[in-house]
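Thanks for asking me to look this one over. Here are my notes, in numbered points, to read with the structure open beside you.

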Amino acid sequence: MICDTVEEFAAALPPFSALAGLDLGDKTIGVAVSDRMRGVATPLETIRRKKFGLDASALLAIVEQREIAGIVLGLPRNMDGSEGPRCQSTRAFARNLSRLTEVPITFWDERLSTVAAEKALLEADTTRKRRSEVIDHVAAAYILQGALDRLRNL
């Protein structure tokens, strides 16, 4: 099920259940997860994209192993708020994924999440090589944390 609003998403979630946040890129998918209280988003891993079926299998394995109750997918809007080809691709990914799972999926505006992740990693004095390895799942954590903060304030 794809939820168009965070309020609709919140209504579809069972209490005390973890969520996953995804930063969907052309080559990778950054994955972050929350705790059951939905207080903190933690970067988990980066999945190298192959074909949709393999990508979906990897994501659904995480959903099953970690008992994830909902997925927050970063929506890469343009800086003016409009939706371009990357948003269309993300929405198509969500539609395809929703056919494979009953877990509700919603979108979260991901503008500047990678910039925020990069800044945090620079402040932590992370090497360039290490930053390139973790940037996607750190960005996913920023996306998920934004949604968690919004859910807490509903």
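Over the ring of which residue does the charged end of arginine 91 sit? I will start there and then move on to the fold; please keep in mind that this is a predicted model.

1. **A charge over a ring.** The ring belongs to phenylalanine 107, and the charged end of arginine 91 lies 4.7 Å from its centre. To find the two residues, look at helix H3, which spans residues 85-98, and at strand E6, which spans 105-109.

2. **The sheet.** Six strands make up an open sheet with mixed pairing, and their order is E1-E6-E5-E2-E3-E4. At the edges you will find strand E1 (2-3) and strand E4 (41-48), each of which pairs on one side only. In general, the strands of a sheet are held in pairs by backbone hydrogen bonds, in either a parallel or an antiparallel way.

3. **The E3-E4 hairpin.** Strand E3 (residues 28-34) runs antiparallel to E4, and 7 bridges join the two. One position to check is serine 34, which stands opposite alanine 41 in E4. The hairpin has 6 residues between its strands, and in it arginine 38 adopts a positive phi near 60 degrees.

4. **Helices on the sheet.** Helix H2 (residues 52-65) packs on the sheet, where it touches strand E2 (18-24), E3, E4 and strand E5 (68-75). The direction of H2 makes about 150 degrees with that of E4. Helix H3 lies across E1, E2, E3, E5 and E6, and it runs at about 160 degrees to E5.

5. **The aromatic pair.** How many aromatic pairs does a search of the whole structure find? The search gives 1. The partners are phenylalanine 52 and phenylalanine 93, set edge-to-face with 5.3 Å centre to centre and 80 degrees between the planes. Phenylalanine 52 is in helix H2 and phenylalanine 93 is in helix H3, so the pair ties together parts that are 41 residues apart in sequence. As for their surroundings, phenylalanine 52 is partly exposed at 28% relative accessible area, whereas phenylalanine 93 is buried at 4%.

6. **Cysteines.** If you are wondering about disulfides, a search of the whole structure finds 0. Cysteine 3 is buried, with a relative accessible area of 0%. Cysteine 87 is likewise counted as buried, at 0% relative accessibility.

7. **A buried glutamate.** Is glutamate 110 buried or exposed? Its relative accessible area is 8%, so glutamate 110 counts as buried, the cut-off being under 20%. Glutamate 110 belongs to the loop between E6 and helix H4 (113-123). Leaving aside residues up to four places away in sequence, glutamate 110 touches Asp23, Gly74, Leu75, Pro76, Arg86 and Ile143.

8. **Positive phi in the loops.** Most residues other than glycine have a negative phi. Two loop positions are therefore worth a look in the light of that general rule. Phenylalanine 16, in the loop between helix H1 (6-12) and E2, has a positive phi near 50 degrees. Phenylalanine 16 also counts as exposed, at 57% relative accessibility. Glutamate 67 sits in the loop between H2 and E5, and although it is not a glycine, its phi is positive at about 50 degrees.

Methods:
Residues are numbered from 1 along each chain as its sequence is written. This is a predicted model: local features need pLDDT of at least 70, side-chain atom pairs count only at pLDDT 80 or more; totals for chains, interfaces and linings use all residues. Side-chain values use heavy atoms; hydrogens and water are left out. Two strands pair if DSSP finds at least two bridges between them. Helices (H or I, at least four residues) and strands (E, at least two) are DSSP runs, numbered from the N terminus. Contact means heavy atoms within 4.5 Å. Axes are lines fitted to C-alpha atoms, for helices over the stretch in contact, and angles run from 0 to 180 degrees between N-to-C directions. Rings of Phe, Tyr and Trp (its six-membered ring) pair if their centres lie within 6.5 Å; planes under 30 degrees apart count as stacked, over 60 as edge-to-face and the rest as tilted. Buried means under 20% relative accessible area, exposed over 50%, partly exposed in between (1.4 Å probe, protein chains only). A charge sits over a ring if NZ of Lys or CZ of Arg is within 6 Å of the ring centre and within 35 degrees of the ring normal. A disulfide is a pair of cysteine sulfur atoms within 2.5 Å.
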